[in-house]
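Hi everyone, thanks for coming along. Let me put the structure up on the screen, and then we can walk through it together.

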Amino acid sequence: MGTRGFPVPYGDEKPVRIAAGRTQSMTTLAVMGDYHVHLHPHGPYTGKGPPPGQYPIDHIEAYFEAAHANGAEEVGFTEHLYRCIESKPVLGKWWMDDPRKDLREFTKSYVRSERVLSLERYVQAVVDAKDRGLPVKLGLEVDFFPQNVEAVVEFLAPYPFDYLIASTHWVGAWGIDLEEQEYEFERRGYRTAYEEYFALETDLARSGHFDVLAHADVVKKRGVFLDSEPLDLYEELAVAAARGGTAVEVSTAGLYQPAAEMYPSESLLERFFNHRVPITIASDAHVPEHCGRDMGKAIDLARSVGYTQRIEFTKRVGNLVPLEPGSSSL
Ligand SMILES: [Zn+2]
Ligand SMILES: [Zn+2]
């Protein structure tokens, strides 16, 4: 259970809301960071970039070039654990307990086609980049499955991660953000689908096993929204994140999906802020040119609900730093 809490000042002081439009002078120079970045795109290899599981240094450097162009200095890589071949034994066949055969079969073949990366090589490549002096963080995007989370945490413990972000992409065998399984919203009922997603995400936030919630309301990714936002589910999630000591990312990735808005929504982010849950800034890039994309918009959203700080991580220890100015200065 979450006993880790947050570093000061969030633990001891209430964050101060700043008036809209007011700028804050920065006395500490903090390096802006994109904390959610992948080195390989999803889907079959197209010949663009290195083959799956290969991590040449020029590919990694290309991410930094894009990050710099977008106003970010630091890059935190967060490969998907489930896409790494080494994760097969520890993750197991999480889809098998689902009573729905169509969902099970799709997920089984989807995971088989996506599991083409190497955790060992990925970690080594990022550590090597760090040794070369690049401002890089070693992260990982870990899917949350209640039945194996303890084993997953134990499996990851020997690796030198700076931070772990965690996601709910699957509710049982249902890949909630996959176009191929979008029909499931209607079959299940929209409110029920949202409740099932948020129940898992809330357990994840409360678990205290991970440092950051990735795309906290990714259930909306396909553009499926409820008639009114589920503020009750938002509140429970924010409380759980505060109790679990789990930060949340402000991600621009949703702007490029049918949802056409950032994760989390403004209403959800407000609740995280009210419960003093720290934030990271994230693009969820899967190709170099998207690294650091639209970070100014993420910073503007965070500032609009009151944030003046973000959290950075080194070897799983969080540190609050000033949130840099938003889009006007990027
Ligand atoms: Zn994700
Ligand atoms: Zn991701």
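Let's start with a pair of residues: phenylalanine 77 has leucine 138 in β3 as its bridge partner. That pair belongs to the contact between strand β2, residues 74-80, and strand β3, residues 136-143, which run parallel and are joined by 6 bridges. Please keep in mind that this is a predicted model.

Now, what packs on the sheet here, touching β2 and β3? It is helix α4, residues 119-131, and its direction makes about 160° with that of β3.

Zooming out, those two strands sit in an open sheet of 7 strands, with the order β1-β2-β3-β4-β7-β8-β9 and parallel pairing. At the edges we have β1 (33-37) and β9 (279-282), each of which pairs on one side only. For the whole protein, the count is 10 helices and 11 strands. Of the 330 residues, 45% are buried. And for those of you who like contact maps: among contacts with a separation of 6 or more, 81% are between residues 24 or more positions apart.

Let's move along the sheet to β8. How many of the 5 residues of β8 are buried? The count is 5 of 5, so to speak a mostly covered strand. Ala247, Glu249 and Ser251 point one way, while Val248 and Val250 point the other way. That fits the general pattern, in which side chains of a regular strand alternate between the two faces of the sheet. On the pairing side, strand β7 (residues 212-213) runs parallel to β8 and is joined to it by 2 bridges. Valine 212 has alanine 247 of β8 as its bridge partner.

Next, the helices around this part of the fold. Helix α7 (residues 190-207) and helix α8 (residues 231-244) have axes that come within 7 Å and cross at roughly 15°. The two helices are therefore roughly parallel to each other, and α7 passes α8 in a left-handed crossing. From α7, the contact includes Tyr194, Phe198 and Ala205, and from α8 it includes Leu233, Leu237 and Ala240. In terms of chemistry, the residues of this contact divide into 7 nonpolar, 3 polar and 5 charged.

Helix α8 also meets α9. Their axes come within 9 Å and cross at roughly 35°, and this crossing is right-handed. The α8 side is made by Leu231, Tyr234, Glu235, Ala238 and Ala241, and the α9 side by Ser267, Leu268, Arg271, Phe272 and Asn274. Here the split is 6 nonpolar, 2 polar and 2 charged.

Which residues of helix α9, residues 266-274, are buried? They are Leu268, Leu269, Arg271, Phe272 and Phe273. The buried residues of α9 pack against α8, β8 and α10 (295-305).

A few words on backbone geometry, which I know some of you will want to check. Most residues other than glycine have a negative phi, and most peptide bonds are trans. We have some exceptions here. The peptide bond from tyrosine 263 to proline 264 is cis, with omega near -10°, and proline 264 lies in the loop between β8 and α9. Arginine 276 has a positive phi, near 60°, and is placed in the loop between α9 and β9. Aspartate 294 also has a positive phi near 60°, and lies in the loop between β9 and α10.

Are these two buried or partly exposed? Arginine 276 has 18 C-beta neighbours inside 10 Å, so it counts as partly exposed. Aspartate 294 has 21 inside 10 Å, so it counts as buried.

One more positive phi, near 50°, belongs to lysine 315, in the hairpin of β10 and β11, which has 2 residues between the strands. Strands β10 (residues 309-314) and β11 (residues 317-322) run antiparallel and are joined by 6 bridges. Phenylalanine 313 has glycine 318 in β11 as its bridge partner.

Let me finish with tryptophan 170, in strand β5. Tryptophan 170 counts as buried because it has 25 C-beta neighbours inside 10 Å. Leaving aside neighbours within four places in sequence, its contacts are Trp94, Thr107, Asp143, Gly175 and Ile176. Phenylalanine 145 is 25 residues away along the chain, and its C-alpha atom is separated from that of tryptophan 170 by 8.3 Å. Thanks, and I'm happy to chat about any of this!

How values were computed:
Residues numbered from 1 in each chain as written. Chains lettered and ligands numbered in written order. Predicted model: local features only at pLDDT ≥ 70, side-chain atom pairs only at ≥ 80, totals over all residues. Axes fitted to C-alpha atoms, helices over the stretch in contact; angles between N-to-C directions. Helix = DSSP H or I, 4+ residues; strand = E, 2+ residues; numbered from the N terminus. Parallel < 35°, antiparallel > 145°, perpendicular 65-115°, else oblique. Left-handed = near helix turned anticlockwise from the far one by under 90°. Contact = placed C-beta atoms within 7 Å. Nonpolar A, V, L, I, M, F, W, Y, C, P; charged D, E, K, R; others polar. Buried ≥ 20, exposed ≤ 12 C-beta atoms within 10 Å, placed from the backbone. Pairing = 2+ DSSP bridges.
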